[in-house]
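Me: Please take a close look at one part of this model for me. I would like to know about the ligand and the space around it.

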Amino acid sequence: MKGLDTAVSVEQKLHFTALGQEGEFFIKRDDLIHPFISGNKWRKLKYYLNYANTHHKTKLVTVGGAYSNHVLATACAGAVYGYQTKAFIRGEEIKELNHMLTLCKLYGMELEFVTRDAYRQKDGLYADVREDTLIIPEGGYGELALQGCAEIADELTQEYDYVVTAVGTGATLAGLAKGAAVRQPNCKIIGICALKGAEYLNGEISALIPDLNNWELLHDYHQGGYAKTTPELIDFLKTFTAQTGVLIDPVYTAKTAYAITDLIKQGYFKPNSKVLMLHTGGLMGLMSEKFTKLLG
Ligand SMILES: *Cc1c(COP(=O)(O)O)cnc(C)c1O
(Lines give C-alpha, C1' and ligand atoms only; values in the text may rest on other atoms or scores of the structure.)
Protein backbone atom coordinates (compact mmCIF):
# COMPACT_ATOMS: atom_id res chain seq x y z
CA MET A 1 0.00 0.00 0.00
CA LYS A 2 1.76 3.10 -1.18
CA GLY A 3 -1.03 5.62 -1.59
CA LEU A 4 -4.10 6.82 0.21
CA ASP A 5 -7.20 4.94 -0.89
CA THR A 6 -10.79 5.79 -0.02
CA ALA A 7 -11.82 8.43 2.46
CA VAL A 8 -14.54 7.62 4.93
CA SER A 9 -16.27 10.88 5.71
CA VAL A 10 -19.96 11.02 6.54
CA GLU A 11 -22.47 13.86 6.21
CA GLN A 12 -24.40 14.56 9.38
CA LYS A 13 -27.27 16.86 10.17
CA LEU A 14 -26.21 19.62 12.54
CA HIS A 15 -28.30 20.29 15.62
CA PHE A 16 -27.16 23.66 16.88
CA THR A 17 -29.64 26.18 18.23
CA ALA A 18 -27.83 29.22 16.79
CA LEU A 19 -28.49 27.86 13.28
CA GLY A 20 -32.20 28.60 13.71
CA GLN A 21 -35.04 26.85 11.90
CA GLU A 22 -34.92 28.13 8.35
CA GLY A 23 -33.08 25.77 6.12
CA GLU A 24 -31.16 22.61 6.81
CA PHE A 25 -27.60 22.42 8.04
CA PHE A 26 -25.18 19.59 7.54
CA ILE A 27 -21.55 18.91 8.24
CA LYS A 28 -19.22 16.65 6.26
CA ARG A 29 -16.86 15.01 8.70
CA ASP A 30 -13.52 15.00 6.92
CA ASP A 31 -12.08 15.32 10.44
CA LEU A 32 -12.99 11.66 10.90
CA ILE A 33 -10.94 10.39 7.94
CA HIS A 34 -7.88 9.92 10.12
CA PRO A 35 -6.75 11.45 13.43
CA PHE A 36 -3.44 12.75 12.04
CA ILE A 37 -3.72 12.58 8.24
CA SER A 38 -6.63 14.82 8.91
CA GLY A 39 -9.34 16.43 6.83
CA ASN A 40 -8.25 18.43 3.84
CA LYS A 41 -4.62 17.45 4.45
CA TRP A 42 -5.58 13.86 3.62
CA ARG A 43 -7.40 15.12 0.50
CA LYS A 44 -4.39 17.13 -0.59
CA LEU A 45 -1.84 14.40 0.09
CA LYS A 46 -3.73 11.68 -1.73
CA TYR A 47 -2.42 12.41 -5.23
CA TYR A 48 1.02 13.46 -4.02
CA LEU A 49 1.40 9.97 -2.57
CA ASN A 50 0.04 8.44 -5.74
CA TYR A 51 2.59 10.43 -7.70
CA ALA A 52 5.38 9.41 -5.35
CA ASN A 53 4.38 5.80 -5.81
CA THR A 54 4.21 5.85 -9.61
CA HIS A 55 7.44 7.87 -9.91
CA HIS A 56 9.39 5.62 -7.54
CA LYS A 57 10.06 8.24 -4.91
CA THR A 58 11.09 6.93 -1.50
CA LYS A 59 11.18 10.17 0.43
CA LEU A 60 8.81 13.09 1.01
CA VAL A 61 10.09 16.55 1.90
CA THR A 62 7.94 19.47 2.94
CA VAL A 63 7.85 22.69 4.99
CA GLY A 64 5.64 24.28 7.60
CA GLY A 65 5.24 26.11 10.87
CA ALA A 66 5.57 24.42 14.25
CA TYR A 67 1.80 23.81 14.38
CA SER A 68 1.33 22.74 10.79
CA ASN A 69 -1.42 20.19 10.25
CA HIS A 70 0.13 19.50 6.87
CA VAL A 71 3.55 18.60 8.30
CA LEU A 72 1.97 16.22 10.80
CA ALA A 73 -0.19 14.65 8.08
CA THR A 74 2.89 14.14 5.91
CA ALA A 75 4.85 12.56 8.79
CA CYS A 76 2.03 10.15 9.57
CA ALA A 77 1.31 9.30 5.93
CA GLY A 78 5.00 8.62 5.42
CA ALA A 79 5.06 6.15 8.30
CA VAL A 80 1.83 4.44 7.24
CA TYR A 81 2.63 4.17 3.53
CA GLY A 82 6.36 3.55 3.71
CA TYR A 83 8.12 6.81 2.84
CA GLN A 84 10.95 8.51 4.63
CA THR A 85 9.93 12.05 5.57
CA LYS A 86 11.64 15.33 6.31
CA ALA A 87 10.27 18.79 7.08
CA PHE A 88 11.86 22.21 7.29
CA ILE A 89 10.21 23.95 10.22
CA ARG A 90 10.00 27.74 10.38
CA GLY A 91 11.87 29.07 13.44
CA GLU A 92 15.49 28.20 14.17
CA GLU A 93 14.90 29.25 17.79
CA ILE A 94 12.59 26.31 18.53
CA LYS A 95 14.26 24.27 21.26
CA GLU A 96 11.43 22.17 22.63
CA LEU A 97 9.14 20.13 20.48
CA ASN A 98 5.45 20.91 20.93
CA HIS A 99 2.91 18.07 20.89
CA MET A 100 2.53 18.19 17.10
CA LEU A 101 6.25 18.12 16.35
CA THR A 102 6.64 15.36 18.92
CA LEU A 103 4.14 13.30 16.94
CA CYS A 104 6.04 14.07 13.71
CA LYS A 105 9.18 12.76 15.34
CA LEU A 106 7.41 9.63 16.61
CA TYR A 107 6.35 8.96 13.03
CA GLY A 108 10.02 9.05 12.10
CA MET A 109 10.11 12.44 10.41
CA GLU A 110 13.41 14.30 10.28
CA LEU A 111 12.92 17.90 11.42
CA GLU A 112 15.21 20.76 10.48
CA PHE A 113 14.60 24.13 12.06
CA VAL A 114 15.38 27.05 9.78
CA THR A 115 15.37 30.83 10.09
CA ARG A 116 12.44 32.78 8.73
CA ASP A 117 14.67 34.12 5.95
CA ALA A 118 15.82 30.64 4.95
CA TYR A 119 12.21 29.46 5.11
CA ARG A 120 11.15 32.08 2.60
CA GLN A 121 13.78 30.94 0.08
CA LYS A 122 12.31 27.55 -0.75
CA ASP A 123 14.83 26.90 -3.55
CA GLY A 124 17.64 27.15 -1.00
CA LEU A 125 15.95 24.68 1.33
CA TYR A 126 15.51 22.16 -1.45
CA ALA A 127 18.98 22.59 -2.96
CA ASP A 128 20.15 19.14 -1.82
CA VAL A 129 16.98 17.25 -2.70
CA ARG A 130 17.71 14.15 -4.76
CA GLU A 131 15.89 12.28 -7.55
CA ASP A 132 14.26 9.85 -5.13
CA THR A 133 12.52 12.64 -3.20
CA LEU A 134 9.16 14.28 -3.79
CA ILE A 135 8.83 17.88 -2.64
CA ILE A 136 5.37 18.65 -1.32
CA PRO A 137 4.71 22.42 -1.23
CA GLU A 138 3.74 24.31 1.93
CA GLY A 139 0.27 23.32 3.11
CA GLY A 140 0.13 20.64 0.40
CA TYR A 141 -0.73 23.30 -2.20
CA GLY A 142 -0.78 22.50 -5.91
CA GLU A 143 -2.56 20.91 -8.85
CA LEU A 144 -2.41 17.45 -7.22
CA ALA A 145 -4.08 18.89 -4.13
CA LEU A 146 -6.95 20.24 -6.21
CA GLN A 147 -7.54 16.81 -7.68
CA GLY A 148 -7.91 15.28 -4.23
CA CYS A 149 -10.17 18.06 -2.96
CA ALA A 150 -12.43 17.85 -6.04
CA GLU A 151 -13.35 14.33 -4.90
CA ILE A 152 -15.12 15.78 -1.87
CA ALA A 153 -17.90 16.89 -4.22
CA ASP A 154 -18.14 13.36 -5.73
CA GLU A 155 -18.97 11.94 -2.32
CA LEU A 156 -21.88 14.23 -1.45
CA THR A 157 -25.08 12.25 -0.98
CA GLN A 158 -27.54 15.07 -1.66
CA GLU A 159 -27.66 18.41 -3.45
CA TYR A 160 -26.67 21.48 -1.51
CA ASP A 161 -27.25 25.17 -2.12
CA TYR A 162 -24.05 26.10 -0.33
CA VAL A 163 -20.92 24.33 0.81
CA VAL A 164 -18.82 26.35 3.25
CA THR A 165 -15.15 25.63 3.92
CA ALA A 166 -12.26 27.17 5.83
CA VAL A 167 -9.59 28.79 3.66
CA GLY A 168 -5.84 29.12 4.19
CA THR A 169 -4.15 28.88 0.79
CA GLY A 170 -7.45 28.33 -1.04
CA ALA A 171 -6.48 24.96 -2.56
CA THR A 172 -9.31 23.14 -0.81
CA LEU A 173 -11.85 25.72 -1.97
CA ALA A 174 -10.54 25.64 -5.54
CA GLY A 175 -10.63 21.83 -5.69
CA LEU A 176 -14.08 21.76 -4.16
CA ALA A 177 -15.35 24.35 -6.65
CA LYS A 178 -13.92 22.28 -9.49
CA GLY A 179 -15.63 19.12 -8.27
CA ALA A 180 -18.89 20.90 -7.51
CA ALA A 181 -19.03 22.47 -10.98
CA VAL A 182 -19.49 18.94 -12.31
CA ARG A 183 -21.38 17.26 -9.49
CA GLN A 184 -23.40 20.03 -7.87
CA PRO A 185 -24.04 22.61 -10.59
CA ASN A 186 -26.42 24.70 -8.46
CA CYS A 187 -24.18 24.81 -5.43
CA LYS A 188 -22.14 27.82 -4.37
CA ILE A 189 -18.84 27.20 -2.57
CA ILE A 190 -18.09 29.74 0.14
CA GLY A 191 -14.63 30.12 1.63
CA ILE A 192 -14.07 31.62 5.08
CA CYS A 193 -10.59 33.14 5.17
CA ALA A 194 -8.59 32.36 8.30
CA LEU A 195 -6.00 35.00 7.41
CA LYS A 196 -6.34 38.76 7.62
CA GLY A 197 -5.70 40.71 4.43
CA ALA A 198 -6.09 37.64 2.24
CA GLU A 199 -7.79 39.52 -0.60
CA TYR A 200 -4.91 38.45 -2.87
CA LEU A 201 -6.45 34.95 -2.73
CA ASN A 202 -9.30 36.09 -4.97
CA GLY A 203 -6.80 36.48 -7.80
CA GLU A 204 -4.83 33.34 -6.96
CA ILE A 205 -7.92 31.16 -6.90
CA SER A 206 -9.25 32.74 -10.11
CA ALA A 207 -5.95 31.78 -11.71
CA LEU A 208 -6.32 28.18 -10.49
CA ILE A 209 -9.90 27.79 -11.72
CA PRO A 210 -10.28 30.48 -14.40
CA ASP A 211 -13.53 29.15 -15.88
CA LEU A 212 -15.48 28.89 -12.66
CA ASN A 213 -17.58 31.43 -10.82
CA ASN A 214 -19.38 29.09 -8.40
CA TRP A 215 -17.37 30.31 -5.43
CA GLU A 216 -16.93 33.31 -3.17
CA LEU A 217 -14.38 34.21 -0.50
CA LEU A 218 -15.47 35.98 2.67
CA HIS A 219 -12.79 38.07 4.35
CA ASP A 220 -14.51 39.32 7.50
CA TYR A 221 -14.28 36.27 9.75
CA HIS A 222 -10.53 36.03 10.48
CA GLN A 223 -11.06 37.30 14.06
CA GLY A 224 -7.92 39.41 14.00
CA GLY A 225 -5.73 37.22 11.81
CA TYR A 226 -4.22 33.80 11.42
CA ALA A 227 -4.34 31.83 14.70
CA LYS A 228 -5.81 34.91 16.40
CA THR A 229 -9.02 34.60 18.36
CA THR A 230 -11.62 36.75 20.06
CA PRO A 231 -13.48 35.99 23.30
CA GLU A 232 -16.61 35.70 21.15
CA LEU A 233 -15.02 33.02 18.96
CA ILE A 234 -13.84 31.06 22.00
CA ASP A 235 -17.34 31.22 23.55
CA PHE A 236 -18.81 30.13 20.25
CA LEU A 237 -16.41 27.20 19.98
CA LYS A 238 -17.30 25.97 23.46
CA THR A 239 -21.06 26.20 22.90
CA PHE A 240 -20.84 24.58 19.48
CA THR A 241 -18.81 21.64 20.71
CA ALA A 242 -20.93 21.07 23.80
CA GLN A 243 -24.16 21.21 21.77
CA THR A 244 -23.14 19.21 18.73
CA GLY A 245 -20.42 16.86 19.98
CA VAL A 246 -18.26 18.02 17.08
CA LEU A 247 -14.86 19.46 17.96
CA ILE A 248 -13.74 22.50 16.00
CA ASP A 249 -10.46 24.41 16.23
CA PRO A 250 -9.87 28.14 16.74
CA VAL A 251 -7.62 28.54 13.66
CA TYR A 252 -9.89 27.25 10.93
CA THR A 253 -13.11 25.38 11.58
CA ALA A 254 -14.47 27.46 14.49
CA LYS A 255 -14.17 30.55 12.29
CA THR A 256 -16.08 28.71 9.58
CA ALA A 257 -18.88 27.50 11.84
CA TYR A 258 -19.09 30.97 13.40
CA ALA A 259 -19.33 32.52 9.95
CA ILE A 260 -22.21 30.20 9.00
CA THR A 261 -24.25 31.21 12.05
CA ASP A 262 -23.50 34.87 11.40
CA LEU A 263 -24.44 34.58 7.72
CA ILE A 264 -27.74 33.03 8.77
CA LYS A 265 -28.42 36.00 11.06
CA GLN A 266 -27.66 38.36 8.20
CA GLY A 267 -29.97 36.54 5.82
CA TYR A 268 -27.12 35.70 3.45
CA PHE A 269 -28.47 32.27 2.49
CA LYS A 270 -31.63 31.96 0.37
CA PRO A 271 -34.62 30.88 2.49
CA ASN A 272 -34.88 27.13 3.09
CA SER A 273 -31.39 26.48 1.79
CA LYS A 274 -29.45 23.33 2.33
CA VAL A 275 -26.07 24.32 3.71
CA LEU A 276 -23.11 22.02 4.24
CA MET A 277 -20.07 22.87 6.31
CA LEU A 278 -16.98 20.96 5.29
CA HIS A 279 -15.12 20.01 8.46
CA THR A 280 -11.54 20.30 7.23
CA GLY A 281 -10.13 18.49 10.29
CA GLY A 282 -6.91 19.73 11.86
CA LEU A 283 -7.91 19.33 15.49
CA MET A 284 -4.45 18.73 16.93
CA GLY A 285 -3.74 22.47 17.16
CA LEU A 286 -6.60 22.71 19.64
CA MET A 287 -4.39 21.08 22.26
CA SER A 288 -1.59 23.63 21.99
CA GLU A 289 -0.74 25.42 25.20
CA LYS A 290 -2.04 28.73 23.91
CA PHE A 291 -5.50 27.33 23.17
CA THR A 292 -5.89 25.05 26.16
CA LYS A 293 -5.34 28.16 28.33
CA LEU A 294 -8.06 30.02 26.45
CA LEU A 295 -10.48 27.14 26.31
CA GLY A 296 -10.09 25.68 29.79
C1 LIG B 1 -4.75 23.59 6.29
C2 LIG B 1 -6.14 23.77 6.73
C3 LIG B 1 -7.06 24.59 6.04
C4 LIG B 1 -6.65 25.43 4.87
O5 LIG B 1 -6.76 24.75 3.66
P6 LIG B 1 -6.33 25.45 2.29
O7 LIG B 1 -6.50 24.39 1.27
O8 LIG B 1 -4.88 25.83 2.45
O9 LIG B 1 -7.17 26.62 2.07
C10 LIG B 1 -8.36 24.62 6.48
N11 LIG B 1 -8.76 23.91 7.57
C12 LIG B 1 -7.91 23.14 8.26
C13 LIG B 1 -8.41 22.43 9.46
C14 LIG B 1 -6.58 23.04 7.88
O15 LIG B 1 -5.74 22.28 8.59
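Reply: What follows goes from the ligand outwards to the pockets. The model is predicted.

Start with the shell. The ligand is surrounded by 15 residues. Lys41, Gly168, Thr169, Thr172 and Thr280 are the closest. By class, the shell holds 9 polar residues, 4 nonpolar ones and 2 charged ones.

Now the polar contacts. Oxygen atoms of the ligand are met by both side-chain and backbone atoms. Lysine 44 brings a polar side-chain atom to 2.8 Å from a ligand oxygen. Glycine 168 uses its backbone: an N or O atom there lies 2.7 Å from an oxygen atom of the ligand. Glycine 168 is also among the closest residues of the shell. Alanine 171 has a backbone N or O atom 3.5 Å from a ligand oxygen. How much of the ligand is covered? On its own, the ligand has 390 Å² of accessible area, and the protein covers 97% of that.

Where does the ligand sit? It sits in the largest pocket. Three elements give two or more residues each to the shell: helix 1 (39–54), strand 7 (162–167) and helix 7 (171–183). Helix 1 gives the most, with 3 residues.

Next, the largest pocket itself. It holds about 1100 Å³ of space. Its lining has 44 residues. Nearest the pocket centre are Tyr67, Ser68, Arg90, Tyr226 and Tyr252. Helix 1, strand 7 and helix 7 are among the elements that give two or more residues to this lining. Strand 3 (59–64), helix 2 (69–81), helix 4 (116–120) and helix 11 (289–295) do so too. By class, the lining counts 19 polar, 16 nonpolar and 9 charged residues.

Last, the second largest pocket. About 190 Å³ of space lies in it. Strand 3, strand 4 (84–90) and helix 5 (122–125) each supply at least two residues of its lining. The lining includes Lys59, Val61, Lys86 and Phe88. Also in it are Glu110, Gly124, Leu125, Ala127 and Asp128. Val129, Arg130 and Thr133 belong to the lining as well. The classes here are 5 nonpolar, 5 charged and 2 polar. Strand 3 thus appears in the lining of the largest pocket and in that of the second largest pocket.

To return to the ligand: it sits in the largest pocket, with lysine 44, glycine 168 and alanine 171 placing N or O atoms by its oxygens.

Methods. Residues are numbered from 1 along each chain as its sequence is written. This is a predicted model: local features need pLDDT of at least 70, side-chain atom pairs count only at pLDDT 80 or more; totals for chains, interfaces and linings use all residues. Side-chain values use heavy atoms; hydrogens and water are left out. A residue is near a molecule or strand if one of its heavy atoms lies within 4 Å of it. A polar contact is a pair of N or O atoms within 3.5 Å; within protein, one must be able to donate a hydrogen and the other to accept it, and residues adjacent in sequence count only if both atoms are side-chain atoms. Accessible areas come from the Shrake-Rupley method with a 1.4 Å probe; for residues, only the protein chains shown count as cover. On a 1 Å grid over the protein atoms alone, a cavity is a set of points where a 1.4 Å probe fits but cannot get out, and a pocket is an open set with protein on both sides within 12 Å along at least five of seven lines; lining residues have an atom within 4 Å of a point. A molecule sits in a cavity or pocket if more than half of its atoms lie within 2 Å of its grid points. Helices (H or I, at least four residues) and strands (E, at least two) are DSSP runs, numbered from the N terminus. Ala, Val, Leu, Ile, Met, Phe, Trp, Tyr, Cys and Pro count as nonpolar, Asp, Glu, Lys and Arg as charged, and the others, Gly among them, as polar. Grid points are joined across faces, edges and corners, and a volume is the space filled by probe spheres set on the points.
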